[in-house]
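Student: I'd like a close look at one part of this model, the place where two helices cross. Could you walk me through that part and then set it in the rest of the chain?

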Amino acid sequence: MARGARFLLVLALLAALLAVVLQLYRHRKPRLWMVEELSVYNGTNEELPILLAILGSVFDVTKGRSHYGPGGGYHHFAGRDASRAFVSGNFTGDGLTDSLQGLSSSEVNSVVDWRKFYFERYIFAGKLIGRYYDSEGNPTKYLKGVEVKAKRGTQLLEKQKSDEAKIPGCNSKWSQQEGGEVWCDAGYPRLVRRPGDIALTGQVSQRCACFQENELDKAGLVVYEGCDYLSQSCKVN
């Protein structure tokens, strides 16, 4: 066999061996990862899979290379655990961190939902040693705290929905010519605080709800500015 032919045969065998190794990699059992190891699988080397972590769980997202590879809209997640960025939208500098410190229950719950999404859509590749898993792959107090806070956020949201369902919300419309308007088919429109939002989002918000005349003396109800006390519709800015 000519030297050139042997060389081509060796190259073909090496390529086949690499394909087998990569196939075995993709079907391997989940393992523990170090931060430095994970950073190599950021999509810049096309011969390697693309990995990302969220809350310390590592996933193979190679099938989404167009999204997670260089130039893709989600490339900033590749090769790292950037859990916070899934809800903060900050994809630069300190924003690409696994810390959820200071996030509300609602935001933490959203991160947990994102983790669920990856479990459902991509291959679970193991656990990242660090904030959420120790050197033996056991959940840390931080991960347990995140999951408790997320569960609490779900409970608060369900309670808020249940409470608000008891008091009908206002109808509303808006147009560029006429501005906004809220009205009640039965009752009178009032602004009322949503107390659950403090725990859910860290902020206080209000919603428009319809109250009967005998309920209008309840504490915390606010008449829309410029609106008559017993008006069933109010203009809003």
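Tutor: Sure, and let's begin with the whole chain before zooming in. Of its 237 residues, 37% count as buried. Keep in mind that this is a predicted model. The chain has 7 helices and 9 strands. Among contacts with a separation of 6 or more, 60% are between residues 24 or more positions apart. The exposed surface comes to about 14500 Å², and carbon and sulfur atoms supply 54% of that.

Now for the crossing itself. The two helices are α5, residues 105-121, and α6, residues 141-165. Their axes come within 8 Å and cross at roughly 110°. Angles of 65 to 115 degrees count as roughly perpendicular, so that is the label for α5 and α6.

Who touches whom there? On the α5 side, the residues are Ser105, Val108, Asn109, Val112 and Arg115. They meet Leu143, Val146, Glu147, Lys149, Ala150, Gly153 and Thr154 of α6. If you're looking at the side chains on screen, that's a mix worth colouring by residue: Val108 and Val112 are on the α5 list, while Leu143, Val146 and Ala150 are on the α6 list.

Ser106 is also in helix α5. Is Ser106 buried, exposed or partly exposed? With 30% relative accessibility, Ser106 counts as partly exposed. Its C-alpha is 8.1 Å from that of Leu157, although 51 residues separate the two in sequence.

Stay on α6 for a moment, since there's a salt bridge within that helix. Lys159 pairs with Asp163, and the closest N and O atoms are 2.8 Å apart. Both residues lie in α6, 4 residues from each other, which is about one turn of the helix. Asp163 has 32% relative accessibility, so Asp163 is classed as partly exposed.

That pair is one of 8 salt bridges in the structure, and a couple of others make good company for it. Take Glu181 and Lys235, whose side chains meet at 4.0 Å, N to O. This pair links distant parts of the chain: Glu181 is in strand β6 (residues 179-183), Lys235 is in strand β9 (residues 233-236), and their positions lie 54 residues apart in sequence. The two ends also have contrasting surroundings, with Glu181 buried at 16% relative accessible area and Lys235 exposed at 51% relative accessibility. Lys173 joins in too, and together with Glu181 and Lys235 makes up a network of salt bridges.

Then there's Arg31 with Glu37, where the closest N and O atoms are 2.7 Å apart. Here both partners are in the middle category: Arg31 is partly exposed at 32%, and Glu37 is partly exposed at 30%.

One last stop takes us off the charged residues and onto nonpolar surface. Phe7, Leu8, Val10, Leu11, Leu14 and Leu17 make a nonpolar surface patch of about 600 Å². Val10, one of them, lies in helix α1, which covers residues 3-26. Val10 counts as partly exposed because its relative accessibility is 45%.

So, back to your crossing: α5 and α6 are roughly perpendicular, and α6 also holds the Lys159 and Asp163 pair.

Key. Residues numbered from 1 in each chain as written. Predicted model: local features only at pLDDT ≥ 70, side-chain atom pairs only at ≥ 80, totals over all residues. Heavy atoms only, no water. Patch = residues over 30% accessible without salt bridge, like charges linked within 9 Å, V, L, I, M, F, W, Y side chains within 5 Å. Areas by Shrake-Rupley, 256 points an atom, 1.4 Å probe, with all protein chains shown as cover. Buried < 20%, exposed > 50% of the residue type's maximum accessible area, 1.4 Å probe, protein only. Axes fitted to C-alpha atoms, helices over the stretch in contact; angles between N-to-C directions. Parallel < 35°, antiparallel > 145°, perpendicular 65-115°, else oblique. Contact = heavy atoms within 4.5 Å.
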